[in-house]
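Colleague: I should like to understand the terms used for this structure. May we take them one at a time?

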Amino acid sequence: MCGIIGIVGTTNVASSLYDGLTVLQHRGQDAAGIATVDGNHLRLHTGSGLVRDVFNQKAMDKLLGSTGIGHCRYPTAGGEEAAEAQPLYVNSPYGIAFAHNGNLVNTEALRKQMFEEDRRHINTDSDSEILLNVLAHELQIQGRMALTPDHIFKAVAGVHERARGGYACISLILGYGLVAFRDPNGIRPLVLGHRQTAEGREYAVASESVALDILGYERLRDVEPGEAVFISETGQMHSRQCAESPKHSPCIFEYVYLARPDSMIEDVSVYKARLRMGEKLGEKILRDWPDHDIDAVIPIPDTSRTAASALAAVLGVPFREGFVKNRYIGRTFIMPGQGERVKSVRRKLNAIDLEFRKKNVLLVDDSIVRGTTSRQIIQMAREAGAKNVYFASAAPPVRFPNVYGIDMPAASELIAAGRSVEDVQRLLGADWLIYQDLDDLIWAVADGNDDLTQFDTSCFSGEYVTGIDPAYLAQIEMLRSDDAKSERRSA
């Protein structure tokens, strides 16, 4: 899960890229970077930490140029070193800067191929560096001193033939312009926008439409699965389908948790999709427990608030804010280790006792992943005086790892993996637990766009749209466990 943005403007774009990254910060808090093209020079600044901490005025003053890309990162397949902060850069051919959101599932095969066949050295553990070098090689074998849009689209087609997984990418090719493309399944989001200024037409692409909104760009459309968009430095836009058999399967977890509610993805309002999730969950509660004794519905800030409000309306039960969030604590989903997540929950949330005292409360969260946070919050509700604590998840049980760019833990650390709902209820310490049905979740998102007929639901269903080698899942199990991450941090 990363945030990416690219702009082809008519004046310096660094400040716009910075502003765009700040509203994509929820997609990654580990590192950030901006690259701009200044004539024949690439200006690049990256660093570890939040966007506001990576860039100061001195760094921004050096990022000259009317074309540029930005990235905010949290690590998935790679490590956590500043060396893997993006955008990445290779000087041959032409000079290419690259920003990537997603994850490849054939990384090791490509790494070997890069070395043995393409004679390219990969210097980090990042699959983004591999993807950049695949693109660079495909551009190089075009054998051209000067590129045309046709050459660029052939190179992207070559990337699609070789890479497997989820990827939304934005790259700068020095002397030519900006290239943006999505994997043939469209797993990770990428939105295209434009605006007219006194100096001419400007284009922007970003992970979420909210980045376009705050910069004053009109949302044109989503980049199609397998499509590449090339925008020249002079502002001419070209696009082409570069995959032979694209199959639209966007990640449904974007709507559950990752995306901001004020974003539009695949012409679907994330906010409205979450309202529908709450409605469906409320209907399920009325079916399963028509004589419930719920006194109040309380969201766990912030992602679940929209679904919880709709759920409360369906039940005819008061919606109450029972937790105050410390907004200076990062998302616990992104915390690097279990110990840090445990410590962060109490620092992040504080209960308002009067909303719990002597009440039967239904806590609503967007999803339950490890269960660590949920367990502590249930305990906090009891300590605040709740008679009974019920718990609802706006998503189905998360039983399988996501391999397309969301750093979900190893399967063995998912609380619902291999367990029944009753088992999870007991482990969480809830008096009652209810999950969203997968069919209802799919309906809640697809109802906003009739053209959406398939999603990547792998973390709920175990069905991977690209197909997965069991050996890769075993590797993910080893790399993503908290113990493995702790060892890498201490090495």
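Colleague: Which residues line the second largest cavity?

Modeller: This is a predicted model. In it, the second largest cavity is lined by Val 256, Arg 274, Met 277, Thr 303, Ser 304, Ala 307, Asp 366 and Ala 394. Its volume is about 30 Å³, and the search of the whole structure finds 2 cavities of 30 Å³ or more.

Colleague: What makes a residue of this lining nonpolar, polar or charged, and how many fall in each class?

Modeller: Asp and Arg count as charged, whereas Ala, Val and Met count as nonpolar. The lining accordingly divides into 4 nonpolar, 2 polar and 2 charged residues.

Colleague: Why are α5 and α6 called oblique to each other?

Modeller: Helix α5 (residues 127–140) and helix α6 (residues 149–162) pack at an angle of about 135°, with their axes 8 Å apart. Roughly antiparallel requires an angle over 145 degrees, and roughly perpendicular covers 65 to 115. The angle of about 135° fits neither class, and therefore α5 and α6 are oblique to each other. The crossing in which α5 passes α6 is right-handed.

Colleague: Which residues make this contact?

Modeller: On the side of α5 they are Leu 131, Val 134, Leu 135, His 137, Glu 138 and Leu 139, and on the side of α6 they are Ile 152, Ala 155, Gly 158, Val 159 and Arg 162. By class, the contact of α5 with α6 has 7 nonpolar, 2 polar and 2 charged residues. Gly 158 is counted among the polar residues, because Gly belongs to that class.

Colleague: What makes α4 oblique to α5?

Modeller: The axes of helix α4 (residues 107–116) and α5 cross at roughly 50° and come within 10 Å. Roughly parallel would need an angle under 35 degrees, and roughly perpendicular begins at 65, so α4 is oblique to α5. Here α4 passes α5 in a left-handed crossing. The residues that meet are Thr 107, Leu 110, Arg 111 and Met 114 in α4 and Asp 127, Ile 130, Asn 133 and Val 134 in α5. This contact has 4 nonpolar, 2 polar and 2 charged residues.

Colleague: Where are the cis peptide bonds from Ser 92 and from Pro 301, and what omega does each have?

Modeller: The bond from Ser 92 to Pro 93 has omega near -5°, and Pro 93 lies in the loop between β5 (88–90) and β6 (96–104). The bond from Pro 301 to Asp 302 has omega near 0°, and Asp 302 is in the loop between β16 (296–299) and α10 (305–315).

How values were computed: Residues are numbered from 1 along each chain as its sequence is written. This is a predicted model: local features need pLDDT of at least 70, side-chain atom pairs count only at pLDDT 80 or more; totals for chains, interfaces and linings use all residues. Side-chain values use heavy atoms; hydrogens and water are left out. On a 1 Å grid over the protein atoms alone, a cavity is a set of points where a 1.4 Å probe fits but cannot get out, and a pocket is an open set with protein on both sides within 12 Å along at least five of seven lines; lining residues have an atom within 4 Å of a point. Grid points are joined across faces, edges and corners, and a volume is the space filled by probe spheres set on the points. Axes are lines fitted to C-alpha atoms, for helices over the stretch in contact, and angles run from 0 to 180 degrees between N-to-C directions. Helices (H or I, at least four residues) and strands (E, at least two) are DSSP runs, numbered from the N terminus. A crossing is left-handed if the near helix is turned anticlockwise from the far one by less than a right angle, and right-handed if clockwise. Contact means heavy atoms within 4.5 Å.
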